[in-house]
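Work through these exercises with the model in view. Try each task before you read its solution.

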Amino acid sequence: MRKIRRTKLCSFKHLRVLMIKESFVVKRAYSQALSAFVAVVSSYFFARSEPFWIPLTAILVMQTAVGISLRQGLERFFIIILSVAFGTVLVLLIHQSIVLYIIIVIVFCFSNYFALKDSLNLFILTRGFLIGFILLITMLSSVMQISVLYARLYDVTLGACIGIAINLLIYPSRVDVEFRSKVIPILNAYETYLTAIIELFLHKGNSEKRAEEQKILLENKFQTRTNAFPSWVYESGLSVSIQSGHRHFLVMTERVAEILFSLHHIARHSFDKTRLENLEDPLLGFAQATQKLFQALITILNLQKLSQPVSDLEDELIQLEKAFQIVAPPSLELLDLSEDYILLAAFLTDLKDLRGSLVRLSQALIKFP
């Protein structure tokens, strides 16, 4: 009797993925620290209004998604500069604090309302908070003459130039590295989850607990899409040639998760042991071939070459269908009356869908620039 080969990720792969994630965070921290240092020094020598505008603007324009740093940085800059101009003019015209605070609340509420109405994009949702924050700072500072406005606009512009320049030139973000570092752990989780599902289907050992644990781990990854997948793939403004292949890949990746959840639900059913014995060998063969296909996808995403060709699962699926035809009743009416046969047919259909999704995942890699 063959056993499912348990894929144990070697420490080198874990270390590699971890190093990619950590290096990305560390490099971004370095660039922001450098931006803050340059902005503080520039503020000491070149600030024309309050000393905090240059460093504050430099830091704010650097809080962007990977792959669209320039567009989001410029967008934040225009939001800041318009908020500073609006707030400064209000302070010049209105001298009652309570009226200024009411205006801040109104602007804050309206900006968030239109942001929510426009899109659920994380950056759009922060527009209202950014506007309200800048307005509050602007209105809390005393303004006696219009020249303060020009001085503030000068400081904001200088800070934005520092932040955007350092964001683009010092440790620029590589979208391909960030994409691979987030997708590879998900594919590894899929492979482990599929192994646990097949073992549950065949009633192997303590498979029910392992399958449930893998399901919970996978669900936690998908609680927030931006945590599971790189957010820039769903952002507007990025090159379509970059996004098309990655979006298709992620759509297929999400589809694989749906299929695995469906397989897990069916595998909980207690099937007749005689039928399972007839299906065991072809099912294990299909599972092993699927594991190899997952590993092939991971190998390609790691920018490595495949050591040997990988099956597209067509032959394994044919063998599984033949085994199902042996255990299935000859009459369609009898098939409808048996819960075992209905669920086995649904399980086989899900495996076909899984094979199609994995093949399309492989095809999506070709579209990557």
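Helices (H or I, at least four residues) and strands (E, at least two) are DSSP runs, numbered from the N terminus. This is a predicted model: local features need pLDDT of at least 70, side-chain atom pairs count only at pLDDT 80 or more, and totals for chains, interfaces and linings use all residues. Residues are numbered from 1 along each chain as its sequence is written, and side-chain values use heavy atoms, with hydrogens and water left out.

**Exercise 1. Place Val-41 and classify its exposure.**

Step 1. Find the element. Val-41 sits in helix 1, residues 11-46.

Step 2. Apply the classes. Buried means under 20% relative accessible area, exposed over 50%, partly exposed in between (1.4 Å probe, protein chains only). Val-41 has a relative accessible area of 34%, so it is partly exposed.

Step 3. Look at its neighbours on the surface. Val-41 belongs to a nonpolar patch with Leu-34, Phe-37, Tyr-44, Phe-45 and Phe-46. Together they have about 690 Å² of accessible area.

**Exercise 2. Describe the chain as a whole.**

Step 1. Count the elements. The chain has 14 helices and zero strands.

Step 2. Check the burial. Of its 369 residues, 46% count as buried.

**Exercise 3. Analyse three salt bridges that involve Arg-152, Glu-280 and Arg-355.**

Step 1. State the rule. A salt bridge is a side-chain nitrogen of Lys or Arg within 4 Å of a carboxyl oxygen of Asp or Glu. The count comes to nine salt bridges.

Step 2. Take Arg-152. Its partner is Glu-50, with the closest N and O atoms 2.8 Å apart. Arg-152 is in helix 6 (residues 147-169), while Glu-50 is in the loop between helix 1 and helix 2 (53-61), 102 residues apart. Arg-152 is buried because its relative accessibility is 0%. Glu-50, at 15%, is buried too.

Step 3. Take Glu-280. It meets Lys-204 at 2.9 Å, N to O. Glu-280 lies in helix 11 (residues 273-301) and Lys-204 in the loop between helix 7 (175-201) and helix 8 (207-221), so the pair ties together parts 76 residues apart in sequence. Glu-280 is buried at 9% relative accessible area, whereas Lys-204 is partly exposed at 26%.

Step 4. Take Arg-355. It bridges to Asp-312, with the closest N and O atoms 3.3 Å apart. Arg-355 is in helix 14 (residues 339-366), and Asp-312 is in the loop between helix 11 and helix 12 (314-327), 43 residues apart. Asp-312 is partly exposed, at 36% relative accessible area.

**Exercise 4. Which residues line the largest cavity, and of what class are they?**

Step 1. Define the space. On a 1 Å grid over the protein atoms alone, a cavity is a set of points where a 1.4 Å probe fits but cannot get out; lining residues have an atom within 4 Å of a point. A volume is the space filled by probe spheres set on the points, which are joined across faces, edges and corners.

Step 2. Search. There is one cavity of 30 Å³ or more, and the largest cavity holds about 70 Å³ of space.

Step 3. List the lining. The residues are Phe-201, Leu-279, Leu-283, Leu-320, Phe-324, Leu-344, Phe-347, Leu-348 and Leu-351. Helix 14 gives the most, with four residues.

Step 4. Sort by class. Ala, Val, Leu, Ile, Met, Phe, Trp, Tyr, Cys and Pro count as nonpolar, Asp, Glu, Lys and Arg as charged, and the others, Gly among them, as polar. The lining has nine nonpolar, no polar and no charged residues.

Note on methods. Patches are made of residues with over 30% relative accessible area and no salt bridge: like charges are joined within 9 Å, nonpolar side chains (Val, Leu, Ile, Met, Phe, Trp, Tyr) within 5 Å. Accessible areas come from the Shrake-Rupley method with a 1.4 Å probe; for residues, only the protein chains shown count as cover. On a 1 Å grid over the protein atoms alone, a cavity is a set of points where a 1.4 Å probe fits but cannot get out, and a pocket is an open set with protein on both sides within 12 Å along at least five of seven lines; lining residues have an atom within 4 Å of a point.
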